[in-house]
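Q: I would like to learn how to read a structure feature by feature. Could you take me through this one slowly, beginning with a single residue and moving outward from there?

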Amino acid sequence: MKKETRLAERRLPPPPLLGVVRDDLEPVRPYLPPLLRTLALLPLGAVLLVGIPALWSPRPNLPLLGGLAGWGLSVLQTLVGLVAVGLALREAVPGRELSRRALGALVLVAVLVFLALTLTSEWLAPVALRRRVWAAEALGCFRMAATWGVPALLVAGSLIVRAAATRPVVAGAAIGLGVGLSADAGMRLFCGVSTISHVVVGHGAAILLLVALGALAAAVADRLRS
Amino acid sequence: MTTRREKPGGDLGLTPLAFEVRISSVRGVSTEDEARLVSSMVAYQAGEIEGFANLYADLVDELGRYFAAAAGRDTAEDLVQDTFLEIHRSRRTYRPPWPVRPWVFGLARNVLRRYRRASWRRRQRENEAVRVAEARHGRPVVDAGDLREALRTLPPTRREAWVLHHHHGWSFQEIAARLSIGVDAAKLRSSRAMRALRRLLGSGAGNDHMAPRVRDRNGEEGDPLG
């Protein structure tokens, strides 16, 4: 009987804990599911896709690519980017973490779409880039993608920061990948150079930068939270 | 304590049957048990303290076992309380009717990760304290390794109070505020830690240099760290 009483007592929250909870117990609405929050980011993806070519000018050899290889592949890359953002939002929910296989598949699909866009562009609209302007072109694309990507990362990343991810670095990296792919999709409609070395260094580095920034920001946010 | 256990899914706009189907579609989940947790969580999110109390009653033992296995019995109770505080802070990130346990244990993993990080930092500070003491006295006040080992054998709560007071020079008021405990409790923890250290470092050694040197504000003689 005594033991039962002791167990019953132990299962009640201690008064200090109960006090803290009671003092701050207003009703809360659960966050929307990752899918809906991703859909809410569709305008952001659209801005990244259309904003860059609209603000400057579409790539001069866009007609050579045609609608499917030009806009179609960029839209596809934007969608893959949004899927990455959605998976990152899911990863950030405790207990809903992605499996290694899912993470591997995400990276693989991202690389394949990136390469498909590059190789298709190179095949349909090859551009010979002079060696002396190669570095300047790559740096220009890197800067522009980062300039568009970082603010977008702040917007999308704010959704991760509010969560309580068990693997903040993974969630942050995934959201960086999504934003990076989306920003690059817009860049491909602006940048007429499809040379593999240029794309890998100028565009790929910008994506990697956003992946690293996403991971770093999520890790820092996690430290601050604790 | 609550009538929600009799009406699972009521707050979710689901019929009991639909609720059961959705819950049982999650692999490896005991329907009744999980339904009770989900109902508690829904009530808790709606601002009902009974929901929190039910959740606590259902999970406190499991969390206690988890932390006892991962971090030791001395610390488990504190970490369980930290987990419930984390649950409270993050309750918006849970979305019914997904299983509650993976979400709770995801948060518990976060708490454990932060505890380990804090422990590592504390060890670094303690090692630094030993180095400072050695530099100040020209020879080891006590053997650094012995002191480290002795500190590690103390329960973390006592060790923290002792280190904050004797090494960092915090007042007991400051310690009490930092650890969310009373001033008397802070004094008691530090005092018990000092007694334990004196016993651990003094017995058998027979060295005068291990004797306490300074009378501190707590009325205790000395500080092995100097």
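A: Let us begin with burial, keeping in mind that this is a predicted model. H198(A) has a relative accessible area of 0% and is therefore buried, since buried means under 20%.

Q: Where does H198(A) lie in chain A, and which residues does H198(A) touch?

A: H198(A) belongs to helix α9 of chain A, which covers residues 196-225. Setting aside residues up to four places away in sequence, H198(A) touches L129(A), W134(A), E137(A), A138(A), C141(A), C191(A), V193(A) and H203(A).

Q: Two cysteines appear in that list, C141(A) and C191(A). How many disulfides does the structure hold?

A: The structure holds zero disulfides over all chains. The cysteine sulfur closest to that of C141(A) is in C191(A), at 3.5 Å, and this is too far for a bond because a disulfide needs the sulfur atoms within 2.5 Å. Seen from the other side, the closest cysteine sulfur to C191(A) is the one in C141(A).

Q: Are C141(A) and C191(A) buried or exposed?

A: C141(A) has 5% relative accessibility and so counts as buried, and C191(A), with 5% relative accessibility, counts as buried too.

Q: Stepping back from single residues, what elements make up chain A?

A: Chain A contains nine helices and zero strands, so that its pattern, read along the sequence, is α-α-α-α-α-α-α-α-α. Of its 226 residues, 47% count as buried. To read how a chain folds back on itself, one can look at the contacts with a separation of 6 or more, and in chain A residues 24 or more positions apart account for 87% of these.

Q: What elements make up chain B, and what share of its contacts with a separation of 6 or more comes from residues 24 or more positions apart?

A: Chain B has nine helices and zero strands, and from the N terminus on its elements run α-α-α-α-α-α-α-α-α. Buried residues make up 47% of the 226 residues in chain B, while residues 24 or more positions apart account for 63% of its contacts with a separation of 6 or more.

Q: How should I read the place where two chains meet?

A: The size of an interface is often given as the accessible area lost when the parts come together. Between chain A and chain B the buried area is about 3,200 Å², and carbon and sulfur atoms give 57% of it. R11(A), L25(A) and V28(A) supply 18% of the area that chain A buries against chain B, which is more than any other three residues supply. Counted by residues, the contact takes 35 from chain A and 36 from chain B.

Q: How many salt bridges and how many residue pairs in polar contact are found across the interface of chain A and chain B?

A: The rule finds five salt bridges across this interface. D222(A) forms a salt bridge with R114(B), where the closest N and O atoms are 3.3 Å apart. The rule also finds 14 residue pairs in polar contact across the interface, with both residues at pLDDT 80 or more.

Q: Which element gives the largest share of the side of chain A that touches chain B?

A: The largest share, five residues, comes from α2(A). By kind, the residues on this side of chain A divide into 20 nonpolar, three polar and 12 charged.

Q: Could we follow one residue of chain B across the interface? Where does R92(B) lie, and which residues is R92(B) in contact with?

A: R92(B) lies in the loop between α4 and α5 of chain B, and because its relative accessibility is 35%, R92(B) counts as partly exposed. Leaving aside neighbours within four places in sequence, R92(B) is in contact with V28(A), R29(A), P30(A), Y31(A) and Q45(B). A polar atom of the side chain of R92(B) lies 2.9 Å from the backbone oxygen of R29(A). Within chain B, R92(B) and Q45(B) are 47 residues apart in sequence, yet their C-alpha atoms are 7.3 Å apart in space.

Q: Which residues does a cis peptide bond join in chain B?

A: Most residues other than glycine have a negative phi, and most peptide bonds are trans. Here a cis peptide bond joins P96(B) and P97(B), with omega about 5°. P97(B) is placed in the loop between α4 (73-89) and α5 (100-137) of chain B.

Key. Residues are numbered from 1 along each chain as its sequence is written. Chains are lettered from A and ligands numbered from 1 in the order in which they are written. This is a predicted model: local features need pLDDT of at least 70, side-chain atom pairs count only at pLDDT 80 or more; totals for chains, interfaces and linings use all residues. Side-chain values use heavy atoms; hydrogens and water are left out. Helices (H or I, at least four residues) and strands (E, at least two) are DSSP runs, numbered from the N terminus. Buried means under 20% relative accessible area, exposed over 50%, partly exposed in between (1.4 Å probe, protein chains only). Contact means heavy atoms within 4.5 Å. Buried area is the accessible area (1.4 Å probe) that two parts lose on being put together, summed over both. A salt bridge is a side-chain nitrogen of Lys or Arg within 4 Å of a carboxyl oxygen of Asp or Glu. A polar contact is a pair of N or O atoms within 3.5 Å; within protein, one must be able to donate a hydrogen and the other to accept it, and residues adjacent in sequence count only if both atoms are side-chain atoms. Ala, Val, Leu, Ile, Met, Phe, Trp, Tyr, Cys and Pro count as nonpolar, Asp, Glu, Lys and Arg as charged, and the others, Gly among them, as polar.
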